[in-house]
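Work through these exercises with the structure open beside you. Try each task before reading its solution.

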Amino acid sequence: MRLSGKVAVITGAGNGMGRSTALLFAREGAAVVIGDVDMAGGQSAVAEIEAAGGRATFLRCDVSKEADVAALVAAAEQRYGKLDTIFNNAGIEQPVTPSDQVTEELFDRVIGINLKGTFFGCKHAIPALLRNGGGTIVNNSSVSAFANVGGNISYASSKGAVMSMTRVLAIEYARRNIRVNAINPGVIDTDMNRRNAKLAADPAAVEEKWRAITPLGRMGTGDEIAQTVLYLASDQSSFVTGIGLLIDGGRVAT
Ligand SMILES: NC(=O)c1ccc[n+]([C@@H]2O[C@H](COP(=O)([O-])OP(=O)(O)OC[C@H]3O[C@@H](n4cnc5c(N)ncnc54)[C@H](O)[C@@H]3O)[C@@H](O)[C@H]2O)c1
């Protein structure tokens, strides 16, 4: 087991790739603290982990609220004695909108969750990781930090900034045994994309376009993301810090 005895915090783990990662981390021996705004999703993730013999706790947490994120990290130390790793995963999409029609409210909302939420996760995890003698941070950026099709300016801006944040923190804390990396998923089969597709006049055409821009010709799965997060969170990646790991089915190679 690659996370035996470890304690992990995962935001946005009620659904999608966060949930897949929480389930995998628990199977690999970690106690998992799940934070999400979706109470039902978070509670059912805990139930699924416990039914499989794992350890997990859910706290309602809106990552755009600093106090919520501080409480989430504190819960890991209070309930399980320490923190070894955090996956800052919670995020929202921007409904496809021409950039000159994006309102300040929409821009702030996406940045508040995707970027500020990731910052809060890093900020509050770092002191706990230092108390632990070190650990790992994995931030969920996106392929959109590198490749875009337009109509998602707040989302792509937030994910590009998450890459910069990842590099800053990797350098700042490298000598104190904290490794900080990001993942850059391509199009992954989760509710986020299903919601986005449904907004279009022809959802099937949107999904076909996603397959067409992906050399492997399909969407990725939450499990495929979870495996890469496990790699970056665990000792398997002990000489890796400050990177963004593309899991994009070859998209950026085009
Ligand atoms: N799906 C993709 O193709 C894709 C690609 C690249 C990156 N990502 C990123 O992956 C991450 C997970 O996305 P997903 O596809 O699994 O989406 P999802 O919608 O299936 O899951 C996201 C989870 O985050 C939670 N969440 C939303 N706002 C929150 C908040 N303010 N505080 C706490 N939790 C919140 C949701 O309730 C949900 O459980 C996001 O950061 C997303 O931007 C997704």
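**Exercise 1.** In this predicted model, find which residues Val 46 touches, leaving out those up to four places away in sequence.

*Solution.*
- Start with the location: Val 46 sits in helix 2, residues 39-51.
- Skip sequence neighbours up to four places away; Val 46 then touches Ile 34, Ala 56, Thr 57 and Phe 58.
- Now classify Val 46. A residue is buried if 20 or more other C-beta atoms lie within 10 Å of its own. Val 46 has 22 other C-beta atoms within 10 Å, so it is buried.
- Add a distance. Val 46 and Glu 105 are 59 residues apart along the chain, and their C-alpha atoms are separated by 33 Å.

**Exercise 2.** Decide whether Leu 129 is buried or exposed, and list its contacts beyond four places in sequence.

*Solution.*
- Leu 129 belongs to helix 4.
- Count its C-beta neighbours inside 10 Å: there are 26, so Leu 129 is buried.
- Beyond four places in sequence, Leu 129 contacts Leu 83, Gly 134, Gly 135 and Ile 178.
- For a distance, take Glu 172. It is 43 residues from Leu 129 in sequence, and the C-alpha atoms are 14 Å apart.

**Exercise 3.** Check the span of helix 1, then work out how enclosed helix 1 is.

*Solution.*
- Helix 1 has 12 residues. At 1.5 Å a residue it should span 16 Å.
- The end C-alpha atoms of helix 1 are 17 Å apart, which agrees.
- Next, burial: 11 of the 12 residues are buried, so helix 1 is largely enclosed by the rest of the structure.
- Among the buried residues are Gly 16, Arg 19, Ala 22 and Phe 25.
- Look just past helix 1: Gly 29 has a positive phi of about 105°.

**Exercise 4.** Describe the backbone and surroundings of Asn 177.

*Solution.*
- Begin with the general pattern. Most residues other than glycine have a negative phi.
- Asn 177 is not a glycine, yet its phi is positive, about 70°.
- Asn 177 lies in the loop between helix 5 (153-173) and strand 6 (178-185).
- With 13 other C-beta atoms within 10 Å, Asn 177 is partly exposed.

**Exercise 5.** Find which residues have the most contacts inside the largest nonpolar core.

*Solution.*
- Nonpolar side chains tend to be buried together in soluble globular proteins.
- Here the largest nonpolar core has 62 residues.
- Ala 8, Val 9, Ala 22, Val 32 and Ile 34 have the most contacts inside it.
- Helix 4, residues 104-131, gives the most to this core: 8 residues.
- Zoom in on Ala 22. Beyond four places in sequence, Ala 22 touches Ile 10, Ala 13, Val 32, Ile 34, Ala 45, Ile 49 and Ala 56.

**Exercise 6.** Identify what surrounds the ligand.

*Solution.*
- There are 30 residues around the ligand; Gly 12, Gly 16, Gly 91, Thr 190 and Met 192 come nearest.
- Helix 1 (16-27), strand 2 (31-36) and helix 6 (191-198) each give two or more residues to this shell.
- By class, the shell holds 11 nonpolar, 15 polar and 4 charged residues.

**Exercise 7.** Judge how compact the whole chain is.

*Solution.*
- The protein chain has 8 helices and 7 strands.
- Its radius of gyration is 17 Å, close to the 18 Å that the globule rule gives for 254 residues, so the chain is as compact as a globular protein of that length.
- Along its principal axes the C-alpha trace spans about 50 × 40 × 35 Å.
- Of the 254 residues, 46% count as buried.

Technical notes:
Residues are numbered from 1 along each chain as its sequence is written. This is a predicted model: local features need pLDDT of at least 70, side-chain atom pairs count only at pLDDT 80 or more; totals for chains, interfaces and linings use all residues. A residue is near a molecule or strand if its C-beta atom, placed from the backbone, lies within 6 Å of it. Helices (H or I, at least four residues) and strands (E, at least two) are DSSP runs, numbered from the N terminus. Ala, Val, Leu, Ile, Met, Phe, Trp, Tyr, Cys and Pro count as nonpolar, Asp, Glu, Lys and Arg as charged, and the others, Gly among them, as polar. The radius of gyration is taken over C-alpha atoms; the globule rule is 2.2 Å times the number of residues to the power 0.38. A nonpolar core is a set of buried Ala, Val, Leu, Ile, Met, Phe, Trp, Tyr and Cys residues joined through C-beta atoms within 7 Å. Two residues are in contact if their C-beta atoms, placed from the backbone, lie within 7 Å. The expected span of a helix is 1.5 Å times one less than its number of residues.
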